[in-house]
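Me: I am new to this protein and would like to be guided through it by questions and answers. Please begin once the structure is shown.

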Amino acid sequence: MAEAALAGAPRRKRPPPKLATVEKIEKITPHVVRVTFIGDELAEFSPPRPGAHIKLLFVPKGTSWDRADPEAPRPPSRTYTPRRFDPATRRLEVEFVLHGDGLAAGWVQSAKPGDPMFIGGPGGGYDVPADASEMIVVADDTAIPGAGTVIEAAPKTCKVTAICEILDAGEQRALSPTVSISPRWLHRDRNTAGILLEQEVAGLSASQSAHWWIACEANAMRRIRMHLLKDRRIDPAHVHTRGYWRLGETNYPDHDYGND
Ligand SMILES: Cc1cc2nc3c(=O)[nH]c(=O)nc-3n(C[C@H](O)[C@H](O)[C@H](O)COP(=O)(O)OP(=O)(O)OC[C@H]3O[C@@H](n4cnc5c(N)ncnc54)[C@H](O)[C@@H]3O)c2cc1C
């Protein structure tokens, strides 16, 4: 679907996005950049649930957007994970994968401190079951920030296995600064989008009562979901899946849970 059409689509009622500015930009691996946003308006930002998302709105350079004007077209947006939010300092951290050409991936490469950003949300998310004794977290590079939030919310007694697909060894990084976990790293070396995750899940033994959190490229997510539900007959209530992007599709929607 054309981006202009999406931008002009009917809008749901939602609180207006908050205006923040870029405070800090850190390259944490060759293909991941962490941006810290800061701003007084983030005082209104609700603490995100694990696996939640935000919308970043990209106002084209040299233009402005009056968010109070209901007639003003909403700028194009992309979906990201609020990796860490500190209400006391009103700082919000977001980790961007440099995947190639894209509005957001391009923006972050030229971002600098002081740049403005409108931020909508947070929305969505996943409640880690309080009685979970085993969890399997499956993520590609875009979902590593979300995986970190889920792992941090898991009960202390829960056995957590993390499987992460990344480009190569240079992309390995701590999933969480507070929870120690050694993921199974899968190096795809090229753009195969989720095939290694699928293979790893197919060979993984886990109890039928384990809870699964899976986020990656949308086609791979569906294949993994089908394998768990049909081949392994896992209770659908134990399988939370989400497509974070789709090969060849711009501005993938933020609500693909693979239920169709
Ligand atoms: C709930 C949720 C949370 C997310 N959290 C994060 C996050 O924290 N960090 C993050 O980096 N991404 C995250 N994503 C994924 C991000 O929204 C997409 O990767 C998005 O397409 C990036 O926008 P873009 O403007 O750079 O590319 P787009 O303009 O949307 O796409 C341009 C082209 O790039 C391709 N593309 C998009 N992403 C990738 C990729 N990862 N690898 C290869 N090709 C790609 C598309 O298929 C398309 O062909 C999240 C998505 C969801 C739904």
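**Contacts, cores and ligand**

Me: In this predicted model, which residues does cysteine 216 touch, leaving aside those up to four places away in sequence?
Reply: Contact here requires C-beta atoms, placed from the backbone, within 7 Å. With residues up to four places away in sequence left out, the partners of Cys216 are Val138, Ala139, Asp140, Ala143, Glu165, Gly194, Leu197, Met221 and Tyr244.

Me: Which residues touch the most other members of the largest nonpolar core?
Reply: The largest nonpolar core has 37 residues. Among the elements that each supply at least two of its residues are strand S8 (134–140), helix H3 (144–153) and strand S11 (211–217). Another core, of 19 residues, lies apart from it and includes Val35 and Tyr80. In the largest core, the residues touching the most other members are Val137, Val138, Ala139, Ala147 and Cys216.

Me: How many residues does domain 2 bring to its contact with domain 1?
Reply: The protein is divided into domain 1 (7–123) and domain 2 (134–245), with centres, taken over C-alpha atoms, separated by 25 Å. Domain 1 gives eleven residues to the contact, and the number from domain 2 is 13.

Me: Where does the ligand lie with respect to domain 1 and domain 2?
Reply: The ligand is surrounded by 29 residues, and the closest are Thr81, Val97, His99, Gly102 and Ala105. By class, this shell has eleven nonpolar, twelve polar and six charged residues. Because domain 1 and domain 2 both give residues to the shell, the ligand lies between them.

Terms used
Residues are numbered from 1 along each chain as its sequence is written. This is a predicted model: local features need pLDDT of at least 70, side-chain atom pairs count only at pLDDT 80 or more; totals for chains, interfaces and linings use all residues. A nonpolar core is a set of buried Ala, Val, Leu, Ile, Met, Phe, Trp, Tyr and Cys residues joined through C-beta atoms within 7 Å. A residue is buried if 20 or more other C-beta atoms lie within 10 Å of its own, exposed if 12 or fewer, and partly exposed in between; C-beta atoms are placed from the backbone. Helices (H or I, at least four residues) and strands (E, at least two) are DSSP runs, numbered from the N terminus. Two residues are in contact if their C-beta atoms, placed from the backbone, lie within 7 Å. Domain bounds come from an automatic or database domain assignment. A residue is near a molecule or strand if its C-beta atom, placed from the backbone, lies within 6 Å of it. Ala, Val, Leu, Ile, Met, Phe, Trp, Tyr, Cys and Pro count as nonpolar, Asp, Glu, Lys and Arg as charged, and the others, Gly among them, as polar.
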